[in-house]
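I sat down with this structure today and looked up a handful of things, one after another. My notes are below, in the order I made them.

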Amino acid sequence: MLDRRIFRKIDSVTILLMVVISVVGIVFVYSAIYFQASQFVWRQAIWLIVSLLALLVAVMIDYKFLISISVPLYILMNIVLLGLLFFGKLVANTRSWIVLGPFQAQPSEVTKIAVILVLARIFSEYREDRLSFNGFVISSALVGLPATLTALQPDLGTALTYLPILIGVYILAGMKKKYLAIILAAVLVTGFVGWNYALKDYQKKRIETLLTPNQDPRGSGYQLRQSKIAIGSGGLTGKGYHKGTQSQLRFLPARHTDFIMAVIAEELGFLGLLAVFVLYFLLIYRLFSAVWVSADRAGIYLAFLVTMMIGCQFLINVMMLVGLFPITGIPIPFLSYGGSSLLTNFLAASLVINVRMRRFRYI
Amino acid sequence: MARIYEDLTVVIRRSKVALFVLTALIILVLVFYWKIQVLDHQKYWKMAEANRLRELPLTAPRGLIFDRQKVILADNMPSFKVSLVREAVNNIEDTIDNLALLLHLNREELKKRIDRYRFMPAHEPIIIMDNLKLEDISLIEARKDDFPEIKLEVEPRRYYPFGPTGAHLLGYLQEVSVDEIRTQPEKRWRGGEMIGKSGLEKQYNDNLTGREGKILEMVDSLGRPRAEISRTEPQPGRNLELTIDFDLQKRAEELLQGREGAIVAIDPRSGECLVWASSPSYDPNRFISRFSADEWLALVNDPGKPLENRVIRGLYSPGSTFKLVMALAALHEGIITENSTFFCSGTIELYNKEFNCWFKPGHGSLNLPEAIRNSCNIYFYQLGRRLPIDTIARYARLMGLGQKTGIDLPGEKEGLVPSTDWKKKFLRQAWFPGETISVAIGQGPLLVTPLQLASLTALVANRGVRVRPHLVKEQEKSDGRERVGLPEAAMEVVIEGMWRSVNRQGTGQGAYQPGFEVCGKTGSTQLISRESAERLIQRGLEVRKTHSWFTGFAPRDNPEIVVTVLVEFGGLGGQTAAPIAGQIFKAYREKYVRQANLQEN
């Protein structure tokens, strides 16, 4: 199975882009929390190396084998999530962490890989032009179960990142545009209109503290304001590395995680932000291109769903920072501090690389 | 292996649409970032600066107030205050709860105060406590990390070392009111600033107030200072040097102790006020805090009116002291000469009404100096018969009654000099000649302040030269000396009477000082007419005493000091006011004349 030729086909462009973005992330984690930066920087660097090694190991295994074991993997991960709800250690008010020595892991992140694999398995056999009702129910349930378990931890942000995977399946399996539009509209209406008009401030606050307990006590209004001030005051060229007043004086919340892009915008300005956007766009495009070279339907599903997951999470995060999306605690892939997220995104990308490597048959 | 050839074009097409949508959204978001970062940059830059920078005002110490010998009458001492910076507050209600608990404040009052200053920008600190005790300071200092929204600062606060002495003169400070801040034309006052609200503190507020300094510091999101960016030191206000002599002032207040009244002393050569006492007094140190409205209100509502500056705000009937005006008017109008005599039988009938002299047996025949010496009413009734009220009014005004003296203190009252016009205008009645008879001895609708009377006496002492009374030493000698149109000869006649009054067993003999030629005139204002007083006595009822006046100067030639004393309900002028004035003359003589004599020898 293992073939040196496979390694020659490994997609170094994707890996390079991911590593560059991750290193930019580490550089700005250092800037954002200088007072205990070394600890955070070392941890993240170790996570990056671990993730890179995991990726290299993962691409050696044919994705078709991974798909074949996807069902037990999916069941196992859901059992872990369920177990966490009952036996998980309460860290920062949520039961989303497994503590392994000095490292903590969030199973809810890694579960997304299992979900993508199991969806690829089911829909690779799918022969119909349009998404049937059964297909709709099964795919929704497969994504909905771990998402719900995650939301119950409670970790609304991570639960929300399951949504692009589901929508990706709907699109690819051919859900009618009408239904897709209805579902998207329903999500947007309940999300935006409900949030902005139906709920009173104190209700929002209660929901916020219920769903995202780690957030700043001053509430999302304060966070959004500070985030916009940070981004806006950065201007075209920025205030300089380590010189952003919003981040250095801690006006900006969650500077090393969800709001790290605001730190970059403040310190490097619009030009720096544009550079990071270009890196992301190249990465998303590169991941997407695996869809078009994939040898089979399962490969298409894997590549597409992973791209949707990473691309949408990026989009939602940058929208969140300027108030185009409610602040829900979604980190930006590769850039934000957080090992589980980094590992998950590397493993997810490994599936796409896997598909691209095995686009030709070796018979 | 048939699957290899399965048709995947549909699926790929769908994925391309998705990529297209995702790309479009990313570009839209990028445009939005462009708007925030580049187009609206200025707005957000300012917001970031407002976040980062905090300006703290540094209160400038007020100028000190000295007496003429550089005794400090109003000083400053460091005092601690606590202010709340609302910028750093998340939940104002919680903060109020916590602060009320920490500082032992009344929650409702604290909230009211914060609400009152809500209109100010959030970065301006609201002072919530001042004049702190040592244990409060250590408590706040110990817990300052838990309360980043409050600031403990030192400010120079006013301190009056002699408490009630000269309180009316110095005045007091109070917090500038919210209305004053709101209606001020340009930004001058900060919320919580202490400004002069009465006395010299008010009159010279602009001079005494220094220029505020400021600290510009960088703060973090919790309002903790991280670095000082710049600091402008405050400039203290200008000092004020008064004409007041503290020793005489203290003596005057001792003499008024337990009485209601006023003493003012002026140097007739310059108009400098040496003594300015009003009793009862109060201790301005008791309400120097911003949070002592209760103490102040108690004084406002005190029936003894301790806050009232009686020297310029007390309006009294001048009583017999007005006879000086009558005498000068009659002399100048040519109705009498120095030697004209009238006969006093103790009573006289004028306009079908009986008028009495205070001395029932009657003074017999007397000329003007004797009439002044004895304060004979009949003599002046005779003058009242011969002078129309408007002529009397003209002379009274010429000598400074019925108008402000222009003293450098706020709130001076004008008093009242009646005339036919005045009566027509305010009472819509014609003037009756009988009323002129009352005015002739200083009764009737005449009202003067002690300062007006002192100023009038200075005019007499100067033989017709008016000086402007003032309290602050002038840098340049711009003496407001001005001759009024009264002949010196007439003045000498009146002065002869005043001299006899004190030195020849006249009504003013209580003011006699051996070796210091005191000249003066007493006065007793009838609160009710003498007739009704006698009726009350016959019925065995108590009669409230009259106000007691003395106004005079010394020495007779080249006068150096004018003293005017008023004691409310003091009885006859000769009994109460004259001896008090005598004590002031004595104190002055001991301090100044003897020293001068010793130096000459």
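These entries go from the whole chains to their contact, and then to single strands, a helix and one residue.

**Entry 1: what kind of model**

I noted before anything else that this is a predicted model.

**Entry 2: chain B as a whole**

I started with the secondary structure of chain B and found 22 helices and 21 strands. Next I looked up how spread out the chain is. Its radius of gyration is 36 Å, while the globule rule gives 25 Å for 601 residues, so chain B is more spread out than a compact globule. The box around its C-alpha atoms fits with that picture: along the principal axes I get roughly 155 × 65 × 50 Å.

I also checked burial, and 42% of the 601 residues of chain B are buried. For contacts in chain B with a separation of 6 or more, I noted that 73% are between residues 24 or more positions apart.

**Entry 3: chain A as a whole**

I then did the same for chain A. This chain has 16 helices and 3 strands. Of its 363 residues, 51% count as buried. Among its contacts between residues at least 6 apart in sequence, 75% join residues at least 24 apart.

**Entry 4: where the chains touch**

How many residues does each chain bring to the contact? I found 34 residues from chain B and 39 residues from chain A. On the chain B side, α1 (9–39) and α2 (41–52) each supply at least two residues. The largest share comes from α1(B), with 17 residues. I sorted the chain B side by class as well, and it has 20 nonpolar, 6 polar and 8 charged residues.

**Entry 5: one residue of α1(B)**

I picked R14(B) for a closer look, as it lies in helix α1 of chain B. Is R14(B) buried or exposed? The cut-off for buried is 20 or more other C-beta atoms within 10 Å. R14(B) has 20 such neighbours within 10 Å, so it counts as buried. Leaving out residues up to four places away in sequence, I see that R14(B) touches I171(A), L172(A) and G174(A).

For a sense of distance inside chain B, I took R14(B) and F246(B), which are 232 residues apart along the chain. Their C-alpha atoms are separated by 99 Å.

**Entry 6: a three-stranded sheet**

Back in chain B, I traced an open sheet of 3 strands in the order β1-β8-β9, with antiparallel pairing. Which strands stand at its edges? They are β1 (53–58) and β9 (225–232) of chain B; each has a single partner strand, so one side of each is left without a neighbour in the sheet. From one strand to the next, the twist averages 25°.

I counted the ladder between β8 (residues 213–219) and β9(B) too: 6 bridges join these antiparallel strands. One pair to find on screen is I215(B) with its bridge partner R231(B) in β9(B).

**Entry 7: the partners of β3(B)**

I followed β3 (residues 72–84) of chain B next. Strand β2 (residues 65–66) of chain B is joined to β3(B) by 2 bridges, and the two run antiparallel. F66(B) has I72(B) as its bridge partner in β3(B). The hairpin of β2(B) and β3(B) has 5 residues between the strands, and there K70(B) takes a positive phi near 65°.

β3(B) also pairs with β5 (residues 150–159) of chain B, in the antiparallel sense and over 10 bridges. In that pairing, S83(B) has K151(B) as its bridge partner. With β4 (residues 126–129) of chain B, β3(B) pairs in the antiparallel sense over 3 bridges. Here I found L84(B) opposite I126(B).

**Entry 8: helix α16(B)**

My last stop was helix α16 (residues 389–398) of chain B. Which of its residues are buried? I listed I389(B), I392(B), A393(B), Y395(B) and A396(B). They cover an arc of only 165° around the axis, which puts them on the same side of α16(B). I then looked at what covers these buried residues, and the cover includes α13 (323–333), α17 (420–427) and α18 (433–440) of chain B. Just after α16(B), I noted that G400(B) takes a positive phi of about 100°.

How values were computed:
Residues are numbered from 1 along each chain as its sequence is written. Chains are lettered from A and ligands numbered from 1 in the order in which they are written. This is a predicted model: local features need pLDDT of at least 70, side-chain atom pairs count only at pLDDT 80 or more; totals for chains, interfaces and linings use all residues. Helices (H or I, at least four residues) and strands (E, at least two) are DSSP runs, numbered from the N terminus. The radius of gyration is taken over C-alpha atoms; the globule rule is 2.2 Å times the number of residues to the power 0.38. A residue is buried if 20 or more other C-beta atoms lie within 10 Å of its own, exposed if 12 or fewer, and partly exposed in between; C-beta atoms are placed from the backbone. Two residues are in contact if their C-beta atoms, placed from the backbone, lie within 7 Å. Ala, Val, Leu, Ile, Met, Phe, Trp, Tyr, Cys and Pro count as nonpolar, Asp, Glu, Lys and Arg as charged, and the others, Gly among them, as polar. Two strands pair if DSSP finds at least two bridges between them. Axes are lines fitted to C-alpha atoms, for helices over the stretch in contact, and angles run from 0 to 180 degrees between N-to-C directions. The arc is that of the directions from the helix axis to the C-beta atoms.
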